[in-house]
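Here is a short walk through one protein model, with a stop at its charged pairs, its strands and one of its helices. Have the structure open and follow along.

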Amino acid sequence: MAKDNSGSLKIHPSESKRRRVTYIFSVSGLCVLFYILGAWQNSTTPTLNQRSDLASKVECDNDFPRSTESLSTSSSSEGETLDFQAHHQLSFNDTFMVTEKFPPCALNFSEYTPCQDLTRCKKFARAMLAYRERHCPAQHELIRCLIPAPPKYKTPFKWPRSRDYAWYDNIPHRELSIEKAVQNWIQVEGDRFRFPGGGTMFPRGADVYIDDINALVSLTDGDIRTAIDTGCGVASWGAYLLKRDILTMSFAPRDTHEAQVQFALERGVPAMIGVMATQRLPYPARAFDMAHCSRCLIPWQDFDGLYLIEVDRVLRPGGYWILSGPPIRWKKYYVGWERTQEDLKQEQDSIEDVAKRLCWKKVIEKGDLAIWQKPINHADCIQSRRIYKTPHICKNDNADAAWYWKMEACITPLPEVSSSSEVAGGELQKWPQRAFAVPPRISKGTIPGLTVKKFEDDNTVWKERIEYYKRIIPPLSQGRYRNAMDMNAYLGGFAAALMDYPIWVMNVVPANSDYDTLGVIYERGFIGTYQDWCEAFSTYPRTYDLIHASAIFSIYQDRCGDITYILLEMDRILRPEGTVIVRDTVDVLTKVQGIAERMRWKCKIVDHESGPFNPEKILFAVKTYWTAAPSTQQ
């Protein structure tokens, strides 16, 4: 610094340059510091708040513990809280209404199943029960109203108590308790139903019946994990298999046995509306370790053995088929079944013949039970086609195709093997190790693009995600939720990460996915189905406590035309005070939130578990409690 001739200070050019650089660095440093500080504040996990303004509360005098824990998620908007607890466990008269653009449907829609509508199905052929299959409404038939719960709807009993009890007001149908009274399916006791565990062929109870099966085929060594029950009734067989760590996909049509699948799900037992008719079951090939029919009245011997051929498709190599009821032990029961001995003998002979043509081995017939086993490969079966011309081996190699895919009277080929002792498609580890073992479909590279590393990385990701979810939704690990659905399950990581909790997951793989991973999910020991989310799911209203949707709306927003109908379907199948978790980009979640809030949901968008820098965000929502008014006319 120097003085000029006038005596004033003169700043040297180099000094001025240094000051400017220092100023720039100082300002830049402060900007970075405040940005990091703000990011740290926004990335903290939402904290708990002891009060919730989610919905109107009532003082319920009941036998369940009630918690006041609620969630305050401050990373999106201030002051909003989500309450994940259930509060409406006994009847009351709720007049709470919210002004919104989606009106409630009439009360006669309370059990509406869009794709199994009893009026629409009458338009279709009755041959082979085609009219009982999925027949979804056309675009102009879709409804834009909210399916109401019955006027006195209560939160279902918690598992495991729900296995044995359900509230009468939730499913006000006495028909089965009268029609199946002798068979001990269901009984009415005051304000609730009781499920004694009986069935048509196991009046002593499902537990004793399962013990009888276990005496013939081991159900406790971990080899059998997934099962399918065809014509399940109220799913007592699947309900009692759960304590043996066997997960059963129970299905039955929506028919004269009103609400049997609805009862199953109300009990907390996996089930779907479905029927053996003209289309393949919506499950991949080699999915189930065991299949079961207890007087399911499916004509196994008809149509060239078509239905038994379909069971063969979904059975794993070495899997078992168990049959009780007509025609098994016909010499004892033919009078009660009101059929001739000749007719029943012919039926059993026909079933035996179809099973032999499928290369099945009859393991045993004892008492009321007959058990067959599918071969572990087709090495010998292919040779046997020289003897048995029908059914032939299918030429089409798309064994997993099952969404609106017609059944074929041909044997679904198993993957090739190098020796007669090799298990086709790969051997599975015993449960529970198989849940995290690399599935054969991945280890053998049969799904292009899926590697062992991707599978292992996915497991790590889901472990972190569930820990994050538990911090936001404490009831997740406390038995609050029983029936869960993953709308885009991918590899089943969501279900696997929850396997230590009293919750089961319906893993859904969109039918038009780039990767058909449903077979992988079954190889891990979980269950699921194919589904196109432009259509309704095959279930009754109010059957799921928790719905998880990852990228579903990004996938379908250009396919379905209007994502509103996907959200209305989610609302239909979600129980009052149920929870929804949606993962997607901010712009998509903003659209979802706008629609959801018009459906009486309380929503909150929070940051990704890895922090605010991830473009994917998470929307948590709770469906508020409301019911149809008691005076609503049907």
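Let's start with a charged pair: Lys345 forms a salt bridge with Asp349, with the closest N and O atoms 2.9 Å apart. Keep in mind that this is a predicted model. Lys345 and Asp349 sit 4 residues apart in helix 8, so about one helical turn separates them. The general rule helps here: an α-helix has 3.6 residues a turn, so residues three or four places apart point the same way. Lys345 counts as partly exposed at 41% relative accessibility, and Asp349 is also partly exposed, at 38%.

Helix 11 (residues 452-472) has a pair of its own, with Asp457 and Lys453 again 4 residues apart, about one turn of the helix. In this salt bridge the closest N and O atoms are 2.7 Å apart. Asp457 is partly exposed, with a relative accessible area of 36%, while Lys453 is exposed at 55%.

Now for a pair that reaches across the sequence. Asp211 and Arg244 meet in a salt bridge through their side chains, at 2.9 Å from N to O. Asp211 lies in helix 3 (residues 206-214) and Arg244 in the loop between helix 4 (236-241) and strand 10 (247-252), so the pair ties together parts that are 33 residues apart in sequence. Asp211 is partly exposed, with a relative accessible area of 41%, whereas Arg244 counts as buried at 16%. There's a bit more going on here, as Asp207, Asp211, Lys243 and Arg244 are linked in a network of salt bridges. In total, the structure holds 36 salt bridges.

Here are the three pairs again:

| Salt bridge | N to O distance |
|---|---|
| Lys345 and Asp349 | 2.9 Å |
| Asp457 and Lys453 | 2.7 Å |
| Asp211 and Arg244 | 2.9 Å |

On to the strands. An open sheet is formed by 7 strands in the order 11-10-9-12-13-15-14, with mixed pairing. Strand 11 (271-273) and strand 14 (361-366) are its edges, each pairing on one side only. On average, neighbouring strands of this sheet are turned by 20° against each other, direction ignored. Within the sheet, strand 12 (residues 288-294) and strand 13 (residues 315-324) run parallel and are joined by 6 bridges. Ala291 stands opposite Trp321 in strand 13. Helix 6 (residues 306-314) packs on the sheet and touches strand 12 and strand 13, its direction making about 135° with that of strand 13. Helix 8 (residues 341-357), home of the Lys345 pair, lies across strand 13, strand 14 and strand 15 (369-373), running at about 150° to strand 14.

Further along the chain is strand 16 (residues 483-486). Which way do its residues point? Asn483 and Met485 go one way and Ala484 and Asp486 the other, and all are buried. Strand 16 runs parallel to strand 17 (residues 504-510), with 4 bridges between them, and Asn483 stands opposite Trp504 there. Strand 16 is also parallel to strand 19 (residues 544-550), joined by 3 bridges, with Ala484 opposite Leu546.

Last stop: helix 16 (residues 586-597). At 1.5 Å a residue, its 12 residues should span 16 Å, and the end C-alpha atoms are indeed 16 Å apart. Its buried residues are Val588, Leu589, Val592, Gln593, Ile595 and Ala596. They cover an arc of only 165° around the axis, which puts them on the same side of helix 16. Their cover includes helix 14 (552-556), helix 15 (564-573), strand 20 (574-585), strand 21 (601-606) and strand 22 (616-623).

Definitions and conventions
Residues are numbered from 1 along each chain as its sequence is written. This is a predicted model: local features need pLDDT of at least 70, side-chain atom pairs count only at pLDDT 80 or more; totals for chains, interfaces and linings use all residues. Side-chain values use heavy atoms; hydrogens and water are left out. Helices (H or I, at least four residues) and strands (E, at least two) are DSSP runs, numbered from the N terminus. The expected span of a helix is 1.5 Å times one less than its number of residues. Buried means under 20% relative accessible area, exposed over 50%, partly exposed in between (1.4 Å probe, protein chains only). The arc is that of the directions from the helix axis to the C-beta atoms. Contact means heavy atoms within 4.5 Å. Two strands pair if DSSP finds at least two bridges between them. Axes are lines fitted to C-alpha atoms, for helices over the stretch in contact, and angles run from 0 to 180 degrees between N-to-C directions. A salt bridge is a side-chain nitrogen of Lys or Arg within 4 Å of a carboxyl oxygen of Asp or Glu.
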